[in-house]
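Grab a viewer and something to scribble on. Here are a few exercises to work through with the model open.

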There are 2 protein chains.
Amino acid sequence: MARQKSGKDRITKADKTRARLIEVATRLFQEHGSDEVTVRRIAAAAKIEAGSIYYHFASRDQILRAVLERGVGNAREEVLAAIAEAGADSSPLVRLRAALGAHLKYTLHHHFSSRLKAIRRLPKRLRDHHMQQERDYAEIFAGLLEEAGRKGLLQSGFDPSVVRMLAMGALTWVAEWYDPEGAMTPDDIADELMRVLTKGIAKS
Amino acid sequence: MARQKSGKDRITKADKTRARLIEVATRLFQEHGSDEVTVRRIAAAAKIEAGSIYYHFASRDQILRAVLERGVGNAREEVLAAIAEAGADSSPLVRLRAALGAHLKYTLHHHFSSRLKAIRRLPKRLRDHHMQQERDYAEIFAGLLEEAGRKGLLQSGFDPSVVRMLAMGALTWVAEWYDPEGAMTPDDIADELMRVLTKGIAKS
DNA sequence: AACAATACCGAACAACTGTTAGATTTTGAC
DNA sequence: GTCAAAATCTAACAGTTGTTCGGTATTGTT
């Protein structure tokens with residue numbers, strides 16, 4: 001049984017409350033804009049008083065930081081899991097499809113895009129750390145593209161990093177128009193993107 | 001000499017200040033996040049007192065509305081101009097390239113994406129109108145794709161509306177990673193997108 | 001020059017924000 | 001049960017927000 005926290009051994013009550021705070025803050029962050037999430041709203045949703053939050057976090061920014069950190073971390077895990085599931089011996093393009101699909105699912109399910117966008121508006125000191133985390137995340141996709149290139153699966157004459165950013169941008173923006181009750185599933189969309197990405201849409 | 005305003009005939013002083021307010025509000029909207037744009041900041045930038053704003057606008061939301069309206073309108077104009085410049089007899093794909101390029105340039109130059117994003121957070125009554133405007137805007141690109149399909153320039157078996165949204169999403173997201181001092185120009189990026197979009201990146 | 005409509009000022013408002021600090025309760029070890 | 005530590009409450013703070021309103025300056029018309 002793995003223990004939490006580094007210093008102490010037990011799972012204190014504070015640990016639980018802290019976790020609950022991050023949880024509800026994440027939910028509020030998803031449902032409303034990042035700006036409408038006030039400490040008082042977070043406190044109310046966590047059934048606690050506003051002032052008590054400062055026993056767990058030094059400032060509001062620290063809460064945002066924790067939320068973002070957990071977000072990028074979880075997305076990364078799910079994407080890596082999807083890649084692993086596709087098998088290390090599968091084609092890099094198959095794994096890329098799996099990775100993009102996992103990324104899209106996470107984005108849609110957790111309204112993650114709004115969180116990514118919020119990064120730009122963070123105080124500079126918090127921003128740098130998350131930009132780095134984001135770069136690491138993007139590196140997963142870049143790696144797959146690169147591998148595909150090395151194995152001679154790709155055409156030449158295009159900029160892989162630009163293609164990667166265009167593709168991830170396309171998926172990130174899906175959250176803005178996706179209709180959960182529509183006909184398309186996240187996997188359908190990922191398939192469509194992968195199809196365009198590999199074969200294009202023009203004839204001959 | 002064309003007159004402004006519907007009711008009266010003259011260009012009053014109020015018309016000028018109103019225009020100036022929208023102008024500076026737009027600029028502030030670009031430079032900072034949409035949230036940090038307070039009525040007092042807008043007023044200060046327009047060299048006016050905060051209270052005086054309410055002689056021209058009923059509320060802060062109305063200012064946002066005016067800014068957004070002008071934004072979508074201008075983007076639409078520039079995209080249509082780019083299409084016209086390509087020539088009505090040119091290939092739909094050439095015109096699509098021109099349209100995407102114009103869209104990207106406008107997005108980057110006016111930080112238009114943050115404005116698009118802001119739409120989602122508007123009060124419902126204001127939002128509907130702009131969502132409609134946005135749909136009309138997207139229709140331009142959908143039309144070009146459709147025309148290309150009719151002329152037999154495209155493969156079959158893909159969903160044009162999904163492809164359009166993916167492509168526009170990719171461009172919209174460019175604002176999040178674009179480096180003005182980098183090597184790539186907006187036209188380079190538009191070319192790259194168009195290349196992927198038509199030919200894909202996979203071999204054979 | 002006089003007058004009324006127009007445009008703006010300036011101070012106040014209530015509501016909200018993040019944050020602090022002392023009092024109070026809850027918890028867990030003995 | 002006792003008692004200190006941990007966790008939460010309560011009330012207030014200083015600042016900012018959007019907005020209102022009575023007064024004042026500016027404007028254009030006669």
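Below are five exercises, each with a worked solution.

Before starting, note that this is a predicted model, where local features need pLDDT of at least 70, side-chain atom pairs count only at pLDDT 80 or more, and totals for chains, interfaces and linings use all residues. Residues are numbered from 1 along each chain as its sequence is written, with chains lettered from A and ligands numbered from 1 in the order in which they are written.

**Exercise 1. Lay out the fold of chain A.**

Step one: list the secondary structure, taking DSSP runs numbered from the N terminus (helices are H or I, at least four residues; strands are E, at least two). Chain A has 9 helices and 0 strands.

Step two: split the chain using the bounds of an automatic or database domain assignment. Domain 1 of chain A covers 13-57 and domain 2 covers 67-199. Their C-alpha centres are 28 Å apart.

Step three: check burial, where buried means 20 or more other C-beta atoms within 10 Å of a residue's own, exposed means 12 or fewer, and partly exposed is in between, with C-beta atoms placed from the backbone. By that count, 34% of the 204 residues of chain A are buried.

**Exercise 2. Work out how straight and how enclosed α5 of chain A is.**

Start with the span: α5(A) runs over residues 92-110, and its 19 residues reach 26 Å from first C-alpha to last, close to the 27 Å expected at 1.5 Å a residue. That expected value is 1.5 Å times one less than the number of residues.

Then count burial: 15 of the 19 residues of α5(A) are buried, so this helix is largely enclosed by the rest of the structure.

**Exercise 3. Find the symmetry that relates chains A and B, then describe their contact.**

First, superpose the copies by least squares on the C-alpha atoms of residues with pLDDT of at least 70 in both. Chain A lands on chain B after a rotation of 179 degrees with 0.1 Å of shift along the axis, at an RMSD of 0.3 Å. That's the relation of a two-fold axis.

Next, collect contacts (C-beta atoms, placed from the backbone, within 7 Å). Chain A puts in 33 residues and chain B puts in 33. On the chain A side, α8 (160-177) and α9 (186-199) each give two or more residues, and α8(A) gives the most, with 10.

Finally, compare the two sides: 100% of the interface residues of chain A are also interface residues in chain B, so the copies meet through the same surface.

**Exercise 4. Identify which protein parts sit near each DNA strand.**

A residue is near a strand if its C-beta atom, placed from the backbone, lies within 6 Å of it.

Take strand C: there are 18 residues around DNA strand C, and A:Thr38, A:Gly51, B:Thr12, B:Ala14 and B:Gly51 come nearest. The largest share of this surface, 3 residues, is from α1(B).

Now strand D: 19 residues surround it, with A:Ala14, A:Gly51, A:Tyr55, B:Thr38 and B:Gly51 nearest. Here α1(A) supplies the largest share, 3 residues.

**Exercise 5. Track down a non-glycine residue with positive phi in each chain.**

In chain A, look at A:Lys47, whose phi is near 55 degrees. A:Lys47 sits in the loop between α2 and α3 (53-56) of chain A, and counts as exposed because there are 9 C-beta neighbours inside 10 Å.

In chain B, B:Lys47 has a positive phi of about 55 degrees. B:Lys47 lies in the loop between α2 and α3 (53-56) of chain B.
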